[in-house]
Amino acid sequence: MPTLILVRHGRSTANTSGVLAGRTPGVALDDRGAAQAAALPGRLAELPISEVVTSPLQRCQETIRPLLDARPQLRPHTEERISECDYGDWSGRKLAELMDEPLMRVVQAHPSAASFPGGESMRAMQTRAAEAVREWNARVEADHGADAVYLMCSHGDIIKSLVADALGLHLDLFQRVSVDPCSVTAISYTRLRPFLVRLGDTGDFASLVPRDEPAGDEAAVGGGAGAP
């Protein structure tokens, strides 16, 4: 079965302003995010990518544009099921403000029980994304063969939930996974089990440099902004 390359969108204006963007329209890449996207074709140059699938949101569309420009033979497929989690009434709010919400403790410690007011549950988010991957695996294999490589550009919580699914981890453990903006995660699917062969690879180690303010023990809802 195929190998899936999961790319989180580049750093966005919401990431740097500390806002939980969700599905809010008009959230674009910032200057750093645009530079990350511009570097993506070089990082993936050796991969024979057969298909490109993307979330419909602007920041993902902008992230894959340089790759599509470099490979004009590829035509993107928009896939609603790998769109960002629907955070409902939380969308567009400051993350610092949301930390005081009682639901945030559930999101952090028991995400399988978390359902966002006016939005969706984290269980539903994982289910739709995993179903999309399984259907695309079958489609890509039928069209391009069992050894094909294809790419999906999506969002932090979606990618983390797909990693948990691939590893057989309960959704309650997915907050232990971290994927920075424009990071590459690769999952090789086989008939018996998936293999996680890359996780959150950005090609640099700036995000590992100790910061003036420690990151703390809370997971970054939505995925975080990566290195400063």
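Strand E5 sends its side chains two ways: Val 184, Ala 186 and Ser 188 point one way, Thr 185, Ile 187 and Tyr 189 point the other, and all are buried. Buried here means under 20% relative accessible area, with exposed over 50% and partly exposed in between, using a 1.4 Å probe and protein chains only. In a regular strand the side chains alternate between the two faces of the sheet. Because six of the six residues of E5 (residues 184-189) are buried, the strand is largely enclosed by the rest of the structure.

A quick word on ground rules. This is a predicted model, where local features need pLDDT of at least 70 and side-chain atom pairs count only at pLDDT 80 or more, while totals for chains, interfaces and linings use all residues. Residues are numbered from 1 along each chain as its sequence is written, and side-chain values use heavy atoms, leaving out hydrogens and water. Helices (H or I, at least four residues) and strands (E, at least two) are DSSP runs, numbered from the N terminus.

Now for the neighbours of E5. Two strands pair if DSSP finds at least two bridges between them. E5 runs antiparallel to strand E1 (residues 3-8), and five bridges join them. On the other pairing, E5 meets strand E6 (residues 194-201) in the antiparallel sense, over five bridges. E5 and E6 make a hairpin with four residues between them. Some of the facing residues are listed here.

| Residue | Stands opposite |
|---|---|
| Leu 4 | Ile 187 in E5 |
| Leu 6 | Thr 185 in E5 |
| Tyr 189 | Pro 194 in E6 |

Zooming out, six strands form an open sheet in the order E3-E2-E4-E1-E5-E6, with mixed pairing. Its edge strands are E3 (76-78) and E6, each of which pairs on one side only. On average, neighbouring strands of this sheet are turned by 20 degrees against each other, direction ignored. For such angles, axes are lines fitted to C-alpha atoms (for helices, over the stretch in contact), and values run from 0 to 180 degrees between N-to-C directions.

Helices lie across the sheet too. Helix H7 (residues 156-167) lies across E1, E4, E5 and E6, running at about 150 degrees to E1. Helix H3 (residues 58-70) lies across E1, E2 (49-54), E3 and E4 (149-154), and runs at about 160 degrees to E2.

H3 also packs against helix H2 (residues 31-43), at an angle of about 40 degrees and with the axes 8 Å apart. That makes H2 oblique to H3; angles under 35 degrees count as roughly parallel, over 145 as roughly antiparallel, 65 to 115 as roughly perpendicular and the rest as oblique. Which residues meet in H2 and H3? Ala 37, Ala 38, Leu 40 and Pro 41 in H2 meet Glu 62, Thr 63, Pro 66, Leu 67 and Ala 70 in H3, where contact means heavy atoms within 4.5 Å. These contact residues divide into seven nonpolar, one polar and one charged. Nonpolar covers Ala, Val, Leu, Ile, Met, Phe, Trp, Tyr, Cys and Pro, charged covers Asp, Glu, Lys and Arg, and the others, Gly among them, count as polar.

Two loop residues round things off. Ser 83 sits in the loop between E3 and helix H4 (95-98), and is buried with a relative accessible area of 3%. Leaving aside residues up to four places away in sequence, Ser 83 touches Arg 23, Ser 55, Pro 56, Leu 57, Arg 128, His 155 and Ile 158. Arg 11, in the loop between E1 and helix H1 (13-17), is buried with a relative accessible area of 14%.
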